[in-house]
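These are my notebook entries on one protein chain. I set down what I looked up, entry by entry.

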Amino acid sequence: MITRDEAYDIISSINENAHQRAWDTWIEADTLMESEDEADWEAAEDLQQQASQEQAEYFREEFNNLDEATRDAILEYVFTDEEFKEEFSMWYGEDDFVADFD
């Protein structure tokens with residue numbers, strides 16, 4: 001069994017990788033947010049939501065590619081540690097978390 005810290009390091013690393021994979025969308029949203037045109041701000045908000053969804057998809061993909069023992073160990077912390085669950089579910093995508101685990 002892995003420790004909580006090891007489990008957290010794994011999911012944190014997965015989230016960082018997922019963020020990197022969604023980087024272009026995040027940057028595009030940031031660029032639009034800096035615009036002086038209010039219409040761009042609305043588009044930026046849409047892109048931020050899209051980037052967040054992309055990042056969650058990449059997170060789920062990488063999490064599901066872990067070996068079964070590691071996934072099970074992480075899920076043990078998800079279901080026994082509320083703070084761990086909050087971060088994991090946010091990175092996993094809250095709607096998908098509910099659909100997959102609740």
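**Entry 1. Surface and overall form**

How much accessible surface does the protein chain have, and what share of it belongs to carbon and sulfur atoms? I found about 6500 Å², with 42% belonging to carbon and sulfur atoms. I note here that the model is predicted.

I then looked up the secondary structure and found six helices and zero strands. Read from the N terminus, the order of elements is α-α-α-α-α-α. For the extent of the C-alpha trace along its principal axes, I recorded about 50 × 25 × 20 Å. Of the 102 residues in the chain, 33% are buried. Among contacts with a separation of 6 or more, 62% join residues 24 or more positions apart.

**Entry 2. Charges**

I next looked up the charges of the chain. There are 5 positive and 33 negative charges, and their mean positions lie 10 Å apart.

Which residues form a negative surface patch? I listed D37, E38, E42, E45 and D46. From this patch I took up E42, which belongs to helix α3, residues 38-64. E42 is exposed, because its relative accessibility of 56% is over the 50% cut-off.

**Entry 3. Salt bridges between distant parts of the chain**

How many salt bridges does the count give? The count is four. I went through several of them in turn.

I began with D81 and R4, whose side chains meet in a salt bridge at 2.6 Å, N to O. This pair links distant parts of the chain: D81 is in the loop between α4 and α5 (82-92), while R4 is in helix α1 (residues 4-21), and the two are 77 residues apart. I looked up the exposure of R4 and found it partly exposed, at 26% relative accessibility.

I turned next to R60 and D96. Their salt bridge has its closest N and O atoms 3.1 Å apart. R60 lies in helix α3 and D96 in helix α6 (residues 94-101), so that distant parts of the chain, 36 residues apart, are linked by this pair. Is R60 buried or exposed? R60 is buried, since its relative accessible area of 14% falls under 20%. Its partner D96 is partly exposed, with a relative accessible area of 33%.

**Entry 4. The network at R21**

I then looked up the salt bridge between the side chains of R21 and E61, and recorded 3.2 Å, N to O. Because R21 lies in helix α1 and E61 in helix α3, this pair ties together parts that are 40 residues apart in sequence. Both residues are partly exposed: R21 has a relative accessibility of 38%, and E61 has a relative accessible area of 39%.

Which residues are linked with R21 in a network of salt bridges? The network consists of R21, E61 and E62. E62 is also found in helix α3. I noted that E62 counts as buried, because its relative accessibility is 19% and the cut-off is under 20%. I looked up what E62 touches, leaving out residues up to four places away in sequence, and found I14, N17, A18 and R21.

**Entry 5. T25 in helix α2**

I looked up T25 and placed it in helix α2, residues 23-33. T25 is buried, with a relative accessible area of 10%. What does T25 contact beyond its neighbours within four places in sequence? I recorded contacts with L47, Q50, A51 and E54.

**Entry 6. F79 in helix α4**

My last residue was F79, in helix α4, residues 68-80. I found F79 partly exposed, because its relative accessibility of 46% lies between the 20% and 50% cut-offs. How far apart are F79 and D24 in sequence and in space? They are 55 residues apart in sequence, and their C-alpha atoms are 33 Å apart in space.

**Entry 7. Points carried forward**

I keep two points together from these entries. Helix α3 holds E61, paired with R21 of helix α1, and R60, paired with D96 of helix α6. Helix α3 also holds E42, one of the residues of the negative surface patch.

Key. Residues are numbered from 1 along each chain as its sequence is written. This is a predicted model: local features need pLDDT of at least 70, side-chain atom pairs count only at pLDDT 80 or more; totals for chains, interfaces and linings use all residues. Side-chain values use heavy atoms; hydrogens and water are left out. Patches are made of residues with over 30% relative accessible area and no salt bridge: like charges are joined within 9 Å, nonpolar side chains (Val, Leu, Ile, Met, Phe, Trp, Tyr) within 5 Å. Accessible areas come from the Shrake-Rupley method with a 1.4 Å probe; for residues, only the protein chains shown count as cover. Lys and Arg count as positive and Asp and Glu as negative; His and the chain ends are not counted. The place of a charge is taken as NZ of Lys, CZ of Arg, CG of Asp or CD of Glu. Helices (H or I, at least four residues) and strands (E, at least two) are DSSP runs, numbered from the N terminus. Buried means under 20% relative accessible area, exposed over 50%, partly exposed in between (1.4 Å probe, protein chains only). Contact means heavy atoms within 4.5 Å.
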